[in-house]
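Please open the model in your viewer and keep the sequence panel beside it, since the tour below moves from one selection to the next.

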Amino acid sequence: MRRVARPGFERRPSRGALDLTGNPAEAANMTVRADLLLQIREWIRGWDLPQERAATRLDLTRPRLDDLMRCKRDTFSLDALVTIATASVLRIHLEDAA
């Protein structure tokens, strides 16, 4: 069964992320959150710890870490992801898209 995008949303071919066609700032926020969430998740997987210990290390609850590991992007603000990234000792780097 093929999924149909909701009106106002466009599926980007490169990553499959939703893009708000009418709001570039919101689209950029969603993209940054998705990218950061994936980086944090991969970093945590590299720790090879049980989720309970990983949650403690990041000062998160276990359900919150579970949301992160399942890539529930809409449950995390950009500020929250930056806080989690710095707690996991990740360094954040931004570059010009042009």
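## Overall layout

Begin with a cartoon view and follow the chain from the N terminus, where the elements of the protein run in the order β-β-α-α-α-α. This is a predicted model, and the protein in it has four helices and two strands. If you colour by accessibility, 31% of the 98 residues of the protein count as buried. A contact map would add that, among contacts between residues at least 6 apart in sequence, 45% join residues at least 24 apart.

## Select α3 with α1

Now select α3, residues 62-69, and show its side chains. Which residues of α3 are buried? They are Leu 65, Asp 67, Leu 68 and Met 69, and what covers the buried residues of this helix includes α1, α2 and α4.

Add α1, residues 24-47, to the selection and look at how the two helices meet. Two packed helices are described by the angle between their axes and the distance between the axes. The axes of α1 and α3 come within 9 Å and cross at roughly 115°, and the two helices are therefore roughly perpendicular to each other. On the α1 side the contact is made by Leu 37, Ile 40, Arg 41, Ile 44 and Arg 45, while α3 contributes Leu 65, Leu 68 and Met 69. By class, this contact of α1 with α3 has six nonpolar, no polar and two charged residues.

## Exchange α1 for α2

Keep α3 on screen and select α2, residues 51-58, which packs against α3 at an angle of about 100° with the axes 9 Å apart. The helices α2 and α3 are therefore roughly perpendicular to each other. Here Gln 51, Glu 52, Ala 54, Ala 55 and Leu 58 of α2 meet Arg 62, Leu 65, Asp 66 and Met 69 of α3. The contact of α2 with α3 has, by class, five nonpolar, one polar and three charged residues.

## The loop before α2, and a ring

Move to Asp 48, which is placed in the loop between α1 and α2. Most residues other than glycine have a negative phi, and most peptide bonds are trans. Asp 48, although not a glycine, has a positive phi of about 55°. Is Asp 48 buried or exposed? With a relative accessible area of 71%, Asp 48 is exposed.

Then display Trp 47 together with Arg 57, and view the ring face: the charged end of Arg 57 sits over the ring of Trp 47, 3.9 Å from its centre. If you are also looking for aromatic pairs, a search of the whole structure finds zero of them.

## The loop after α3

Finish in the loop between α3 and α4 (78-87), where Cys 71 is placed. Just after α3, Cys 71 takes a positive phi of about 55°, and Cys 71 is a residue other than glycine. The relative accessible area of Cys 71 is 25%, so that this residue is partly exposed.

Select Arg 73 last, in the loop between α3 and α4. Arg 73 is buried, with a relative accessible area of 17%; the cut-off for this class is under 20%. To see where Arg 73 lies with respect to α1, draw a distance to Leu 38: the C-alpha atoms of the two residues, which are 35 residues apart along the chain, are separated by 9.4 Å.

How values were computed
Residues are numbered from 1 along each chain as its sequence is written. This is a predicted model: local features need pLDDT of at least 70, side-chain atom pairs count only at pLDDT 80 or more; totals for chains, interfaces and linings use all residues. Side-chain values use heavy atoms; hydrogens and water are left out. Rings of Phe, Tyr and Trp (its six-membered ring) pair if their centres lie within 6.5 Å; planes under 30 degrees apart count as stacked, over 60 as edge-to-face and the rest as tilted. A charge sits over a ring if NZ of Lys or CZ of Arg is within 6 Å of the ring centre and within 35 degrees of the ring normal. Axes are lines fitted to C-alpha atoms, for helices over the stretch in contact, and angles run from 0 to 180 degrees between N-to-C directions. Angles under 35 degrees count as roughly parallel, over 145 as roughly antiparallel, 65 to 115 as roughly perpendicular and the rest as oblique. Contact means heavy atoms within 4.5 Å. Ala, Val, Leu, Ile, Met, Phe, Trp, Tyr, Cys and Pro count as nonpolar, Asp, Glu, Lys and Arg as charged, and the others, Gly among them, as polar. Buried means under 20% relative accessible area, exposed over 50%, partly exposed in between (1.4 Å probe, protein chains only).
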